[in-house]
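Open the model in your viewer and keep a selection tool at hand. The stops below run from one loop outward to the strands, the cores and the helices.

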Amino acid sequence: MAYDQGDDEKKKKEIEAKVNQLVQEARTLRTERAELINETWRLAKPHRRRINNTATKAPVLTQGDLADIVDATMAETMHDFGSDMIAQFTPESEPWVKFTARDSVPIELKSDVEKVISMTQMLVSEAIEESSYFDAAPQCFQDLANGTMAARGRRPTRGGDPFEVEAIEAADLLLVQSPGKGLVDSRFTEGKCTVGKFKEIYKPQGIELPKTPGRPPRKDDEELIVVDGFYRCWENVRGAAAWRRAIMVDNLMVYEKFVNDEPEVDIIVARWEVDGQSPWGFGAAFRAQPAQRALNELTALLMVATAKHVDPPTAYVDDGVANFEQGFEAGDFVGVSENFELFQWEPKGQLDLTFFTEQDLRQTIRHAMFQDKPEQRGKTPPTAEQWQSLEVRSRQRWEIPRGKIVREWVLPWVRWFQNGLELQGKLGPDVYRVKNQLFKIVPNSPFAKARQQEEVVRAREILGLAAQLSPQTFPADVDVPATIENIKQALNDKLVVVRPEKQRMALMQMMAGGQQGDPNAA
């Protein structure tokens with residue numbers, strides 16, 4: 001059921017009731033996941049605002065709030081997790097995807113299509129680099145450790161301005177899954193906003209607060225509860241692409257309209273893994289919570305035990321004269337009676353046991369959050385080949401969430417930036433003509449990178465074996481320059497330069513004859 005501004009009041013009320021029902025369902029679904037998410041914030045990021053905290057700002061932390069957090073392993077690991085995710089899926093230094101021609105492209109169109117592809121790739125990459133995406137990405141991917149991340153894009157109102165991307169906190173996010181329970185269907189932001197701020201944000205979009213008959217105008221400092229987002233109208237004849245945008249103020253609808261194209265949905269949500277019963281994902285941090293709780297307790301015990309070892313308690317026979325309730329101070333003169341004795345207790349705790357248990361718990365947290373990188377075990381360091389093999393196996397674990405992150409995050413953002421460039425007129429009719437029929441978007445896969453590295457490791461082993469078996473004929477047995485080119489391509493290397501065959505032959509002839517010169521002149 002869809003509503004347009006020209007429809008009658010009855011239909012508007014029906015759509016308003018439907019959106020309110022979706023929002024209430026989303027609040028219930030968020031509350032069901034609140035305890036798990038809030039526990040991660042308590043253990044790793046106590047400054048973050050909790051779900052169901054209605055305050056507009058994060059709570060002021062007291063000493064008591066921080067007293068039970070005595071180990072930073074989970075906080076550090078979550079930071080590294082976010083950095084790795086950015087590097088794996090949306091790196092700043094290289095394109096996230098490759099625009100490539102379809103196999104069905106006719107030969108006579110291939111040249112034109114490749115020009116369009118090259119221009120599209122360049123403009124989309126530039127738009128991403130110039131945007132504020134990489135300011136928002138660290139928070140987004142650290143949120144993904146909890147299972148769900150979201151961000152909102154804003155297109156520039158002036159031609160020369162960059163695109164803006166803002167992370168959405170879990171406390172401000174409302175989600176409802178699709179009827180098939182496989183997709184995030186409805187997605188809204190919810191938060192408090194003053195009337196003045198509402199005008200500043202929404203008036204440029206042509207959206208204003210409705211005037212209520214008989215009520216004086218709202219003051220700029222008056223607070224509103226604003227729900228803004230998108231839902232899918234499944235019964236619409238346009239099918240799954242029938243997205244609607246709705247804005248609610250204090251449960252009253254002030255705007256609702258059809259979205260022209262799916263990439264115009266500017267709230268993008270991605271999950272780590274899902275169970276089908278909730279739109280909220282399950283994240284790696286949930287598996288780390290028990291270990292971090294135990295680690296906090298164990299670290300606190302270790303601190304107490306260490307204090308007893310360093311400054312053990314002392315007992316004495318009370319003679320009615322000496323009083324050590326305040327302890328000893330250097331240089332004190334203390335009067336005691338005859339036969340007075342001091343007894344110093346020797347703690348029996350095993351600090352080594354606590355230390356090794358802590359190490360195991362920290363390793364459990366790192367493994368749960370995909371930070372168990374190859375490490376040197378023992379005194380003998382591994383060879384380069386062994387180290388690379390361990391790195392390959394570590395990278396292969398990233399294939400677990402790859403599919404969802406690519407489908408729900410990487411591709412939607414690429415399409416959103418591409419759509420924004422089209423609306424600005426920077427990508428013209430040629431792109432509209434060929435984008436759906438003649439070229440496709442292929443994401444860069446961490447697993448593919450791991451597989452390529454594995455192939456390089458295997459190639460090095462073969463080359464080493466060949467050099468050992470027949471060192472005299474090795475240059476004749478193996479095409480070394482071509483092999484180096486293949487390895488460079490597999491590793492995406494742009495630094496090593498292999499000379500063309502003509503230059504190599506000229507250089508070899510000069511070396512054989514003991515001559516000197518510039519082979520580049522050949």
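## Stop 1: a hairpin loop

Select aspartate 250, which lies in the loop between β7 and β8; helices (H or I, at least four residues) and strands (E, at least two) are DSSP runs, numbered from the N terminus. This is a predicted model, in which local features need pLDDT of at least 70 and side-chain atom pairs count only at pLDDT 80 or more, while totals for chains, interfaces and linings use all residues. Residues are numbered from 1 along each chain as its sequence is written, and side-chain values use heavy atoms, with hydrogens and water left out.

Aspartate 250 is not a glycine, yet its phi is positive, about 50°. Most residues other than glycine have a negative phi. The hairpin of β7 and β8 has two residues between the strands. Is aspartate 250 buried or exposed, or partly exposed? Aspartate 250 counts as partly exposed because its relative accessibility is 33%; buried means under 20% relative accessible area, exposed over 50%, and partly exposed in between (1.4 Å probe, protein chains only).

## Stop 2: strand β7

Step back from the loop and select residues 243–249, which form strand β7. Seven of its seven residues are buried. Trp243, Arg245, Ile247 and Val249 point one way, and Arg244, Ala246 and Met248 point the other way. In a regular strand the side chains alternate between the two faces of the sheet.

Pick alanine 246 within this strand. Alanine 246 counts as buried because its relative accessible area is 0%. Which residues is alanine 246 in contact with, leaving aside its neighbours within four places in sequence? They are Val19, Phe188, Val227, Asp228, Gly229, Tyr231, Tyr255 and Glu256, where contact means heavy atoms within 4.5 Å. Draw a C-alpha to C-alpha distance from alanine 246 to valine 19: the two are 7.7 Å apart in space and 227 residues apart in sequence.

Next, select arginine 244, also in β7. Arginine 244 counts as buried because its relative accessibility is 2%. Its side chain is joined to that of glutamate 256 by a polar contact of 2.8 Å. A polar contact is a pair of N or O atoms within 3.5 Å; within protein, one must be able to donate a hydrogen and the other to accept it, and residues adjacent in sequence count only if both atoms are side-chain atoms.

## Stop 3: the strands alongside

Show β8 (residues 252–258), which runs antiparallel to β7 and is joined to it by six bridges. Two strands pair if DSSP finds at least two bridges between them. Arginine 245 stands opposite lysine 257 in β8.

Now add β6 (residues 223–232), joined to β7 by seven bridges, also antiparallel. Here phenylalanine 230 stands opposite arginine 245.

Continue to β5, which pairs with β6 in the antiparallel sense over eight bridges. Lysine 192 has isoleucine 225 in β6 as its bridge partner. Strand β5 covers residues 184–194, and eight of its 11 residues are buried. Strand β4 (residues 173–177) pairs with β5 in the antiparallel sense over five bridges, and leucine 174 has phenylalanine 188 in β5 as its bridge partner.

## Stop 4: the cores

A nonpolar core is a set of buried Ala, Val, Leu, Ile, Met, Phe, Trp, Tyr and Cys residues joined through side-chain atoms within 4.5 Å. In the largest one, of 76 residues, select Trp96, Tyr133, Phe141, Met369, Trp409, Trp413 and Phe417, which touch the most other members. Helix α10 (residues 399–424) supplies the largest share of this core, 10 residues. A second, separate core has 13 residues, among them Val19, Val227, Met248 and Met253.

Return to methionine 369: leaving aside its neighbours within four places in sequence, its contacts include Met74, Met78, Phe81 and Ala145.

Then select phenylalanine 370, in the loop between α8 (351–368) and α9 (384–396). Its phi is positive, near 60°. Phenylalanine 370 counts as buried because its relative accessibility is 3%.

## Stop 5: helix α4 and the whole chain

Select helix α4, residues 107–130. The end C-alpha atoms are 35 Å apart, which agrees with the 34 Å expected for 24 residues; the expected span is 1.5 Å times one less than the number of residues. Its buried residues include Val113, Ile117, Leu123 and Ile128.

Finally, show the whole protein chain, with its 15 helices and 12 strands. Of its 522 residues, 40% count as buried.
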